[in-house]
Amino acid sequence: MTLIEDARKGEVDGFIKKAAEYEGIEVEKFLRLIAHGYLVLPKNVRREDVKPRAIGMFASTKVNANVGTSIDYVNAEEEIEKAIVAQKAGADAVMDLSSGGNLDEIRKKIMAVTEVPFGTVPIYQAARDCSRVVDMGEDDFFRVVEKQAKDGVDFMTIHSGVNWISVERLKRSGRLLGVVSRGGAIIIGWMLHNEKENPYYKDFDYLLEILKEYDVTISLGDAFRPGCIHDAGDRAKYTEFVILGELVEKCRQTGVQCMVEGPGHVPLDQIETSVRAMKSVTDNAPLYLLGPLVTDIAAGYDHIAAAIGAAIAGMAGADFICYVTPSEHLALPTVEDVREGVIAAKIAAHAVDLIKDGQRERARLKDYEMSLARKNLEWEKQFELSIDPEKAREIYSRRKSKSEACSMCGDLCAIKLVKEAFERN
Ligand code: SF4
């Protein structure tokens, strides 16, 4: 029995209880949300100690951090460190996107230090296992999914929305950057070369059988996500949305938890429409967004461009934010890039929770406590309540004031002056 099937029968175990408690949602309501597929709780049956992190309606907005080697840079230890640092900074999920080195070994090592749900994109490994991507056999697509599911992966991005219909739309789309999804590109390249339908679409039922056996949550990949502002909101993207909506229905019927991925690069005025359309055609499946980046020209600061987009997307209903690091579009990120990327995404997530149904009160309490600590000039308390306590403490300490206030205004601290004035009168 999968978790969604348990939820439909009203069966509650310790894991579900803990997850509901973490979200501040009463257990019955939590079960109903999972049963409908409005909320997912990724956990492979083979993993023992995963911290519960529910994604979707009424749950707090979650953040994912991608780590992993590239073909150019293979340093497993650094990727392990990134996973540890990302979780320390507050990441709610970690994905291993490795494409260089011994992929099985690296994945197992990163998973061993990951306490939150752990995800992968199996097509990367399937492609790496063959000398040429186009030489993959149809079985290779599924062999890797099964292997990674057996190893305990909690959720997988699989690009099942790529089919001849969506590829045809892409050909006619007039895109500037074409396809920027690595997984999507591998599949499209394979299809065109072999003149065959995408096995992840054609044999979707078989894919679900494998995922169901290990209770792996599928994250329906966004192969046609726009890679630049010029390409946002075109017909190729919307065609894929519709296909993904149909696949969501199949996942739910089969008893496999699923979420849906979304764009990409989107200008501010299209984010709300895009998110609401995705939510509508997927019957409110939890939405996992890569960005969206609100401009193409923030190289070196793309974590900020993405956080702006994520906050607006979250306001419209996005549930899960994939972080973007300052290295985006430029290089494989460093450990410090990963930390900064997570913090930027956490700020966006918290800004969303301040207005999100089910989370508003809890989130606002945090801001209230912070304001109270500011009013009382309680610095330790302020650091503790900050999204990034280390950085807050470091900045305060490097130019410490001689007064009890901070060195921005010192004795002319507005908060202090008005407080004292009121106390005198
Ligand atoms: S010194 Fe100025 S910046 Fe610092 S806490 Fe007081 S009012 Fe705020």
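**Two domains and two one-sided helices**

The C-alpha centres of domain 1 and domain 2 lie 39 Å apart in this predicted model. To find the two parts in the chain, follow the domain assignment: domain 1 covers 61-358, and domain 2 covers 361-424. Where they touch, domain 1 contributes six residues to the contact and domain 2 contributes five residues. On the domain 1 side of that contact, three residues are nonpolar, one is polar and two are charged.

Now let's turn to helix α3, which spans residues 27-36 and has Phe30, Leu31, Leu33 and Ile34 as its buried residues. These sit on the same side of α3, because they cover an arc of only 160° around the axis. What do the buried residues of α3 pack against? Their partners are two helices, α1 (3-8) and α2 (14-23), along with the strands β1 (39-40) and β2 (55-56). Just after α3 comes Gly37, with a positive phi of about 90°.

Further along the chain, helix α11 (residues 204-214) can be read in a similar way. Its buried residues are Phe204, Leu207, Leu208, Leu211, Lys212 and Tyr214, so a lysine is listed here beside Leu211 and Tyr214. Looking down the axis of α11, you will find the buried residues within an arc of 165°, and therefore they line one face of the helix. They pack against the helices α7 (138-150), α10 (199-202) and α12 (235-254), and against the strands β6 (155-158) and β7 (217-220). After α11 comes Asp215, and its phi is positive too, near 55°.

Terms used:
Residues numbered from 1 in each chain as written. Predicted model: local features only at pLDDT ≥ 70, side-chain atom pairs only at ≥ 80, totals over all residues. Buried ≥ 20, exposed ≤ 12 C-beta atoms within 10 Å, placed from the backbone. Helix = DSSP H or I, 4+ residues; strand = E, 2+ residues; numbered from the N terminus. Arc of directions from axis to C-beta. Contact = placed C-beta atoms within 7 Å. Domains from an automatic or database assignment. Nonpolar A, V, L, I, M, F, W, Y, C, P; charged D, E, K, R; others polar.
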